[in-house]
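These questions and answers deal with cores and ring pairs in one protein model. Please look at the structure first.

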Amino acid sequence: MKKIISILFLLLSFSFYAQQSSLQQNIIGTIIDAETKLPLPYATITFYCEKENVFSGGISDDNGKFNINISPGTYKVSFEFLSFQPKIINSLVVNKDLNLGQIVLDSGIENLNEVEVTVSQKLVEYKFNKKIYNSSKDIANIGGNAITVLENTPSVRVDDEGGIYIRGSSVLVLVNGKPFGGQENNIDILSMIPANSISNVEIITQSVKYDAKSGGIINIVLKKGKMQGYSGTIEVHGGIPDNDGVSSFINYKSDKINVFSTASFNHHDRIRNFDIRQTYFKNENNPTGFLEQSQEDNRQKNSFLFSFGSDFYLDKKNTITTSILYTLSNKNFDSNLNYNDFNASHDPIQITNRDVWDNTDESIFEALINYTKSFDSENHKLSFDIQYDKKNSDNITDILNISSLNSFDITQQQSTKYQNLDNYLTQVDYQFPIKETGLVETGIKANFRKYYNDFSANTIDDIEKHLIPIEGYQNEITYDENIYSAYVNFSKELEKFNFTLGLRTELTKTQIKEESTEIDNRDTYTDFLPSVSIGYYFEELSSLSFYYSRYIERPPVHLLNPFVSFSNNRLISTGNPYLKPVYSNNFILEYYKDFGKINITSALFYTGEKDQISRVLSNSGKQTADGHDIFVRKPINNGNRDQYGFDLNIIYMPTKFIRLNAYINPYYFNLHNTNDNAYDYNDFMVYGYIQTNLKLPKSFNFKITYLYQTPKKTALTKIGSIQYINATLSKNLWDNKATLTLKANDLFNLKEITYTSNEDNTFTEGNWVYDSQYLLSFTYRFNKAKRRDSHNRTKDIDNDIFEKEETFTK
């Protein structure tokens with residue numbers, strides 16, 4: 001595989017213009033591994049002439065040697081090999097034949113004692129079928145967590161409800177290629193992973209290896225040291241509103257074992273303000289009443305995470321990896337709601353104050369063991385995985401209602417909810433090469449999920465203070481999901497072409513039971529999910545790729561639960577145990593072009609979803625104790641959704657001190673065949689952002705991002721435009737062993753979200769806004785990994801040639 005990639009790279013390089021001197025100079029040398037001293041065959045050598053803005057280059061042979069003819073000039077030269085740190089000659093004058101001697105490449109990961117962030121480094125690397133965001137090199141992630149990293153990942157959007165999207169479609173989020181925290185993938189769980197433990201984020205367009213969603217796959221890759229000895233980071237941060245914490249990542253590696261551990265504690269406080277106005281209608285022109293509601297939410301969370309893992313190297317071809325993870329969190333979501341009710345003549349009839357104290361204790365335990373065997377031939381590998389996750393959650397919500405004006409009434413209520421989720425996963429993956437350019441990947445997986453939920457809502461007796469169950473607001477639910485899957489994928493590289501053909505089949509068995517309503521819904525179904533990808537490399541560092549895939553997205557557990565929320569007694573959010581999976585067909589045509597200082601990635605895409613899920617509002621027919629209608633918002637399978645769009649990402653680096661990035665994603669969607677066609681609608685949306693990265697004097701770095709999203713409409717609702725500005729300033733200290741970072745999210749408090757809806761004879765308009773957030777963090781990097789001194793390296797090249805602060809990736 002590496003040989004073919006390198007050969008394709010050679011074919012993509014182009015020569016100097018004809019007006020340049022026809023005289024060619026001969027450049028020779030050898031590329032070797034710093035650790036083993038062995039030659040590196042098929043490594044890539046790139047010569048870039050900035051004056052002429054052209055590239056040339058070649059690859060090393062079986063003995064690591066290269067022999068390249070180029071025209072005279074001054075070049076920037078990079079030597080690269082997969083999984084190795086690139087070596088850079090920043091300015092090489094070629095006016096005669098040169099012998100560069102031995103070029104030594106190091107296989108270690110980030111050098112924790114060097115500058116973590118330089119503008120000249122490419123934050124995003126483009127490869128066939130995936131993009132890699134080097135999150136550990138982005139100053140905007142310092143002091144954050146996995147959600148912070150995803151928010152900064154190009155083309156990824158994270159909304160306020162925890163949805164994670166690419167090109168308007170939801171994605172599957174993995175950690176080190178596996179589900180994390182019982183496959184929930186929500187903000188609460190991912191926010192426990194500190195950013196300083198993340199190496200990079202892979203955006204995988206498609207792969208039958210995973211049970212992905214229509215938007216593709218996001219794989220968060222955690223750090224592991226590759227150099228022998230100790231290395232790690234310690235980070236401390238504090239913010240306004242409260243966002244205080246400490247985290248550490250430590251790694252130790254020897255010849256026989258690699259040990260890695262992450263620990264973090266965080267206290268986070270977020271304030272959100274709501275204003276809602278509702279008009280109730282008997283018919284279209286006959287209002288029967290009005291409601292004005294204001295709400296302030298204070299969302300406080302304390303979390304602790306500890307993980308410990310190890311790689312045991314039985315020999316050069318056999319490795320056992322083990323890891324355990326434990327998280328503990330306490331969430332206090334306190335809300336103050338004020339209702340002002342008016343009659344049709346706008347005369348006040350009731351004022352209600354509702355205080356809600358919502359307290360949740362949650363824990364997650366995860367254990368993993370992996371065995372990997374490598375064979376003699378390259379890309380020939382067998383692996384076994386066993387993983388277990390357990391999540392427990394205890395919730396108590398206390399509610400105090402005080403009604404006044406014409407009468408005075410105090411009501412106390414309490415709800416309790418206990419949840420338990422067990423997840424078992426076993427997986428076997430096997431891959432083997434066919435000749436030199438073919439690869440077959442196959443595997444089987446079994447995944448078992450068991451969910452239990454016990455909910456009860458009660459009124460507290462005013463005199464005896466005991467709990468009186470509220471009729472219709474108790475449930476005890478169990479949900480079992482068993483998924484058996486198998487996949488096979490064949491890939492082949494042919495000169496300028498490469499392609500993959502894959503097929504995944506899944507057998508799914510589900511059962512959901514609820515005792516009080518006697519719900520017992522069972523389902524069994526089998527799916528075949530094909531995928532195709534084709535790539536073509538042009539002569540001028542550009543490529544064109546086509547992808548097709550079919551996905552299945554099963555409804556998450558919280559959407560299946562018949563009862564979910566009781567904090568707002570006039571608007572109940574509930575689940576639906578009869579939801580069906582959503583199926584989608586996805587087509588993407590992607591083009592990539594590297595102009596040297598400018599990189600452009602563009603794509604045309606189409607996603608067609610069948611039985612898409614949407615939440616609908618309806619009047620339950622019931623009323624609160626003080627006589628107000630109770631509305632229910634419930635998810636249903638509601639029609640089909642077609643989405644067509646285009647996205648464009650441009651990165652411009654005019655100098656090594658400046659990086660400019662612009663992303664725009666316009667798309668059109670059409671929702672049709674909904675229930676009674678009541679929700680049919682089509683609309684056009686645009687999402688985009690502009691980023692500027694500056695490397696300033698005295699080891700300062702600055703990044704600023706402006707994000708904008710146009711209004712989003714459906715047949716009955718409209719969400720207004722969203723915009724905000726984030727900014728980050730950092731300074732490297734103590735010979736680049738430490739970094740001090742100041743970050744502001746929504747710097748100018750622009751992120752106000754407005755919405756309107758007209759459902760079930762009720763017109764609603766409202767807005768909510770979060771307070772701006774400011775974060776100051778301090779990161780210290782230590783590295784006692786064993787390194788070879790410079791005198792152990794070859795002296796064939798003057799050390800002055802290399803600028804060690806800079807990396808260069810093509």
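**Cores and ring pairs**

Ile220 touches Ala146, Leu150, Val173, Leu174, Val175, Asn176, Ile198 and Asn200, leaving aside residues up to four places away in sequence; contact means heavy atoms within 4.5 Å. The model is predicted, with pLDDT of at least 70 needed for local features and 80 or more for side-chain atom pairs, while totals for chains, interfaces and linings use all residues. Residues are numbered from 1 along each chain as its sequence is written, and side-chain values use heavy atoms, without hydrogens and water.

Q: Which element gives the largest share of the largest nonpolar core?
A: A nonpolar core is a set of buried (under 20% relative accessible area, 1.4 Å probe, protein chains only) Ala, Val, Leu, Ile, Met, Phe, Trp, Tyr and Cys residues joined through side-chain atoms within 4.5 Å. The largest has 28 residues, and Leu150 and Ile220 are among those with the most contacts inside it. Elements giving two or more residues include strand S15 (217–222) and helix H2 (146–152), where helices are DSSP runs of H or I, at least four residues, and strands are runs of E, at least two, numbered from the N terminus. The largest share, 4 residues, comes from H2.

Q: What kind of aromatic pair do Tyr663 and Tyr687 form?
A: Rings of Phe, Tyr and Trp (its six-membered ring) pair if their centres lie within 6.5 Å; planes under 30 degrees apart count as stacked, over 60 as edge-to-face and the rest as tilted. Tyr663 is buried at 4% relative accessible area, and Tyr687 is buried at 6%. With 6.3 Å centre to centre and 65° between the planes, the pair is edge-to-face.

Key:
Buried means under 20% relative accessible area, exposed over 50%, partly exposed in between (1.4 Å probe, protein chains only).
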